[in-house]
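I opened the notebook with two things to look up: bonds between cysteines, and empty space inside the protein. The entries follow in that order.

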Amino acid sequence: MAKQEQNEAPPNYEEAVMKPPRYGLLPSTMNVHGQWTKWKSLNLCGASAKDRLCLIEMQTGYSGKPPLGMRTGFILRNGMSSKDPLLAAAGDESQGLHAFNPDGIVFLPSLDPYSKSDRMDSEVIRAEPGTNNDIAFHFSIEIGEKQQREEFAWRKAKKGDDGAKRNGFKLVRLSSGQQVSQQSVSSSVQKPASSLPPSPGKDGENVAFLGWVMAFPSMTHAFTLDLVDGQSEILGTRWTLMVIVTAIRLYTLHVKGKTSKFVVDMGKKDSGK
């Protein structure tokens, strides 16, 4: 059989699922390193910068290649080479230039493990009013062995807030009473809201923390992502991947100043939302 050209064809996720899923073995604490001022690529790492796990390739949106098309965003590879299979991607929800709109779209492996298509599922991450007159970033994802959908929200957190080690965001697993209907643009079948018991606490259960670092003078350490102990095993590898991708998405918004309420409100108004 003739060997397929790798440079011309769009990334084929089937090549990735035939290998052991690297993201299923990721540690509970991860760091992103790289000279972000060059804005070409970053490294998803473990405890240190030498423990490299996955390559994060920044996309300008001019290539038009799937899955991002003409969107500004990034691609996460299943390894440290640009030739490694595509693992996930995320970018602006709308294609083209939208200066302030922070809403995003995430591309994940197909939920159907028997799918023969290389088409990826897509999910939205949307900026919504949060607590204390702030902004939160909401998404829904399948969790656990039964792959039931639940909603989560990234909320801003200051150092010491609910155990946060740095300024950044905390990821809250919303209780069933707080869950709102969020339309998914997934290419798979839409699933109903989870029927799992509500998480304890008024605001839900904290399941991850995203802390900004961006230490001077080299600016090579961007952020630290901490998954609360045991949550990756309880909520599953698909949830873990979604958390990683949305954390990187928040970082790209943060460095562009697009996580403030003022900018988000302007973006919503400009996009007619």
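Entry 1, disulfides. I looked for disulfides in this predicted model and found 0. A disulfide would be a covalent bond between the sulfur atoms of two cysteines. I then asked why Cys 45 has no such bond. The closest cysteine sulfur to that of Cys 45 belongs to Cys 54 and is 9.5 Å away, so the two are too far apart for a bond. The cut-off for a disulfide is 2.5 Å between the sulfur atoms. From the other side, I noted that Cys 54 is in no disulfide either, the nearest cysteine sulfur being that of Cys 45.

Entry 2, cysteine surroundings. Is Cys 45 buried or exposed? I read a relative accessible area of 0% for Cys 45, which makes it buried. For Cys 54 I read 1% relative accessibility, and this residue counts as buried too.

Entry 3, cavities. I turned to the empty space and noted 2 cavities of 30 Å³ or more. The largest cavity holds about 80 Å³ of space.

Entry 4, the lining. Which residues lie nearest the centre of the largest cavity? I listed Thr 72, Gly 73, Arg 249, Thr 252 and Lys 256, out of 11 lining residues. Strand 3 (52-59) and helix 3 (237-255) each give at least two residues to this lining. Helix 3 gives the most, with 3 residues. By kind, I wrote down 3 nonpolar, 4 polar and 4 charged residues for the lining of the largest cavity.

Key: Residues numbered from 1 in each chain as written. Predicted model: local features only at pLDDT ≥ 70, side-chain atom pairs only at ≥ 80, totals over all residues. Heavy atoms only, no water. Buried < 20%, exposed > 50% of the residue type's maximum accessible area, 1.4 Å probe, protein only. 1 Å grid on protein atoms, 1.4 Å probe; cavity = no way out; pocket = protein on both sides within 12 Å on 5 of 7 lines; lining within 4 Å. Points joined across faces, edges and corners; volume = space filled by probe spheres on them. Helix = DSSP H or I, 4+ residues; strand = E, 2+ residues; numbered from the N terminus. Nonpolar A, V, L, I, M, F, W, Y, C, P; charged D, E, K, R; others polar.
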